[in-house]
Amino acid sequence: MGDLATPILLASGASFAVQIVVTFCYVYILLILLYVISSMLQLPYSIWLSRIQRFLYDVCEPYLRIFRRILPPVGPLDLSPFVASLVLVVIASLVQRLA
């Protein structure tokens with residue numbers, strides 16, 4: 001019975017890992033979207049809002065900085081969030097197909 005259970009556990013573990021990676025990609029896309037929206041809004045100062053914006057900055061900015069170095073600026077538009085999200089969608093779909 002031990003020989004039969006091992007492949008099932010490995011397959012289950014692999015599908016769980018795939019789901020974690022895919023979920024991480026989509027949650028990170030959501031965080032990028034919230035970061036973009038919060039950076040466009042000029043809201044009155046609030047300690048909680050400030051903390052949320054700082055969290056979004058700390059989480060999203062290092063990843064977006066990679067794409068800002070690569071992409072040339074297009075006038076006042078920052079295309080790095082779009083390209084970064086697109087890369088995450090591609091990674092999620094590749095991981096799902098490889099599994």
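In this predicted model, helix H2 (residues 47-70) packs against helix H3 (residues 80-98) at an angle of about 110°, and the two axes lie 9 Å apart. Because an angle of 65 to 115 degrees counts as roughly perpendicular, H2 and H3 are roughly perpendicular to each other. On the H2 side, the contact is made by Tyr63, Leu64, Phe67 and Arg68. The H3 side contributes Ser80, Pro81, Val83, Ala84, Val87 and Leu88. Sorted by character, the residues of this contact comprise 8 nonpolar, 1 polar and 1 charged. Of the residues just named, Arg68 belongs to H2, while Ser80 belongs to H3.

It helps to set this pair of helices in the context of the whole chain. The chain holds 3 helices and 0 strands, and along the sequence it follows the pattern α-α-α. Of its 99 residues, 21% count as buried. Among the contacts between residues at least 6 apart in sequence, 64% join residues at least 24 apart.

The interior can be described next. The largest nonpolar core contains 16 residues, and those with the most contacts inside it are Ile32, Cys60, Tyr63, Leu64, Ala84 and Leu88. Helix H1 (2-40), H2 and H3 each supply at least two residues of this core. H1 provides the largest share, with 8 residues. Several of the names in this list return from the contact of H2 with H3: Tyr63 and Leu64 on the H2 side, and Ala84 and Leu88 on the H3 side. Leu88 offers a good place to look at the core from within: leaving out residues up to four places away in sequence, Leu88 touches Cys25, Tyr28, Ile29, Ile32 and Tyr63.

Two cysteines deserve a word here. Cys25 is buried, with a relative accessible area of 3%, and Cys60 is likewise buried, at 0% relative accessibility. For a bench reader, the question of cross-linking comes up readily. A disulfide is a covalent bond between the sulfur atoms of two cysteines. A search of the whole structure finds 0 disulfides.

Val87 sits in helix H3 and, at 30% relative accessibility, counts as partly exposed. Its contacts, apart from residues up to four places away in sequence, are with Tyr63 and Phe67, both of which take part in the contact from the H2 side. Val87 is also 62 residues from Cys25 in sequence, yet the two are 9.4 Å apart in space, C-alpha to C-alpha.

Ser80 is another residue of helix H3. With a relative accessibility of 1%, Ser80 is buried, because the cut-off for burial is under 20%. Not counting residues up to four places away in sequence, Ser80 touches Leu64, Phe67, Arg68 and Leu71. The C-alpha atoms of Ser80 and Ile70 are separated by 8.9 Å, with their positions 10 residues apart along the chain.

The loop between H2 and H3 is represented here by Asp78. Asp78 is partly exposed, with a relative accessible area of 39%. Along the chain, Asp78 and Val36 are 42 residues apart, and their C-alpha atoms are separated by 9.8 Å.

Finally, Ser38 gives a view of how H1 meets other parts of the chain. Ser38 is placed in helix H1 and is buried, with a relative accessible area of 16%. Leaving aside neighbours within four places in sequence, Ser38 is in contact with Gln53 and Leu56.

Conventions
Residues numbered from 1 in each chain as written. Predicted model: local features only at pLDDT ≥ 70, side-chain atom pairs only at ≥ 80, totals over all residues. Heavy atoms only, no water. Disulfide = S-S within 2.5 Å. Buried < 20%, exposed > 50% of the residue type's maximum accessible area, 1.4 Å probe, protein only. Axes fitted to C-alpha atoms, helices over the stretch in contact; angles between N-to-C directions. Helix = DSSP H or I, 4+ residues; strand = E, 2+ residues; numbered from the N terminus. Parallel < 35°, antiparallel > 145°, perpendicular 65-115°, else oblique. Contact = heavy atoms within 4.5 Å. Nonpolar A, V, L, I, M, F, W, Y, C, P; charged D, E, K, R; others polar. Core = buried A, V, L, I, M, F, W, Y, C linked by side-chain atoms within 4.5 Å.
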